[in-house]
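Colleague: Before the assignments in this model are accepted, I should like to hear the grounds for each of them. Please set each value against its criterion.

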Amino acid sequence: MDIIKLLEKENLGKIEKNVLLKKYTTYRTGGKALGIIYPKNINNLVKTINILNENNVKFKILGNGSNLLFSDKFYDGILIRLSEFDKVEFFGRNKLRVRVGAGYPLVKLSLLCAKRSLTGLEFASGIPGTVGGAVYMNAGAYKSDMGYVVENVKVLTDKNKIITLENKEMEFHYRSSFLQKHPGYVCLEVVLKLAKGKRDAIEEVIKERRQRRIESQPLEYPSAGSVFRNPEGNFAGKLIEDLGLKGKKIGGAMVSDKHANFIINYDNASSKDIKELIELCHDSVLKEYDIDMKCEQEFVNWE
Ligand SMILES: Cc1cc2nc3c(=O)[nH]c(=O)nc-3n(C[C@H](O)[C@H](O)[C@H](O)COP(=O)(O)OP(=O)(O)OC[C@H]3O[C@@H](n4cnc5c(N)ncnc54)[C@H](O)[C@@H]3O)c2cc1C
């Protein structure tokens, strides 16, 4: 029996078949995938993973696809989206803590916290990922990141155990976390600890940063945010710009002329166009400055 039928038979959650990945990635590129499943709860997530493992079908957790570059090839596996893991609960003394499901959108959470006069998550108001994707990436901006606000993370291990990892155990560093070293682990839920602030002041910071992003980033085009991590003591965007690569095009992909660390899909780019442009920027910086820039974005299904 084919894998989609097997999953459908178990009634684990909504399933979409033969999906076009450009609908699920912010680059708006990528080939098709066998399917996407939206498990209704943890039990169904575990059952889904068991069925996929028993049938040797590969799978990947998909957040909002805002840090992924899928190849143009068919992805012969199942993507698991945790959109149903979207509960939010404020609790504890003065309700300074929030327990939030991994599928919850980070921008929405940031705005919700602001509304409740909770400060700490302002940095996240322009990061278009899910809470789970943000924890996995240790997403951040303005000298802050998830590591500053996460208290603990509920995780499903590759042995189907549910454990809670405290902040220290999450090994948060610049755009990296424990989860990146444990690819079979799934972030289910997160507790953030915030502080009491003034709603007006928090919303003002968010408004001002939104304005800064609009002015400095090519938000009018599909992209996946910054392509490279900033090398120690340097800025990836500056290195690329100094080599005159702003506006450089391969196929429908272009190094943004607004911000050189963004590659945009300006005209029906393929993933291959984007990858080649990423490699060109990387290799040019390596050749000219002897700096081996690390890509922040993840390449999926290229092997
Ligand atoms: C316009 C724009 C601006 C951006 N600005 C920033 C910025 O300022 N700072 C920043 O850090 N990033 C930024 N990004 C990049 C991106 O939004 C972040 O990296 C974000 O955290 C990715 O979340 P996601 O849900 O889209 O994850 P995805 O891209 O879907 O997935 C990323 C990785 O996380 C894994 N993953 C997702 N959810 C889970 C889970 N529940 N459990 C385990 N693994 C999981 C996936 O398998 C994948 O390996 C920007 C992107 C765009 C398009």
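**Grounds for the assignments**

Modeller: The model is a predicted one. I begin with a hairpin: that of β11 and β12 has five residues between the strands, and N160 takes a positive phi near 65 degrees there.

Colleague: What makes β11 and β12 a pair of strands?

Modeller: Pairing requires at least two bridges between the strands. Five bridges join β11 to β12 (residues 162–166), and the two run antiparallel; the criterion is therefore met. Within this pair, L156 stands opposite I162 in β12.

Colleague: How do you know that β11 also pairs with β13?

Modeller: The same threshold of at least two bridges applies. Strand β11 (residues 150–156) and strand β13 (residues 186–193) share six bridges in the antiparallel sense, so they count as paired. Here K154 stands opposite E189 in β13.

Colleague: How many helices and strands does the chain have in total?

Modeller: The secondary structure comes to nine helices and 18 strands.

Colleague: What makes the radius of gyration of the chain agree with that of a compact globule?

Modeller: For 303 residues, a compact globule would have a radius of gyration near 19 Å, and the chain has 20 Å; the two values therefore agree. Along the principal axes, the C-alpha atoms fill a box of roughly 55 × 55 × 30 Å.

Colleague: Why is a residue called buried, and what percentage of the chain counts as such?

Modeller: A residue is called buried because 20 or more other C-beta atoms lie within 10 Å of its own. Of the 303 residues, 42% count as buried. As for contacts in the chain with a separation of 6 or more, 64% of them are accounted for by residues 24 or more positions apart.

Colleague: Which domains is the chain divided into?

Modeller: The division gives domain 1 (3–81), domain 2 (88–215) and domain 3 (218–300). The C-alpha centres of domain 2 and domain 3 lie 26 Å apart.

Colleague: What surrounds the ligand, and which residues are the closest?

Modeller: The ligand is surrounded by 32 residues, of which G63, G129, G132, G133 and G225 are the closest. Two or more residues of this shell come from each of β3 (58–62), α4 (131–137), β9 (140–141) and β13. The most are given by α4, with five residues.

Colleague: How do the residues of that shell divide by character?

Modeller: The shell holds 17 nonpolar, 13 polar and two charged residues. Gly counts as polar, so the closest residues, G63, G129, G132, G133 and G225, belong to the polar group.

Methods:
Residues are numbered from 1 along each chain as its sequence is written. This is a predicted model: local features need pLDDT of at least 70, side-chain atom pairs count only at pLDDT 80 or more; totals for chains, interfaces and linings use all residues. Helices (H or I, at least four residues) and strands (E, at least two) are DSSP runs, numbered from the N terminus. The radius of gyration is taken over C-alpha atoms; the globule rule is 2.2 Å times the number of residues to the power 0.38. A residue is buried if 20 or more other C-beta atoms lie within 10 Å of its own, exposed if 12 or fewer, and partly exposed in between; C-beta atoms are placed from the backbone. Two residues are in contact if their C-beta atoms, placed from the backbone, lie within 7 Å. Domain bounds come from an automatic or database domain assignment. A residue is near a molecule or strand if its C-beta atom, placed from the backbone, lies within 6 Å of it.
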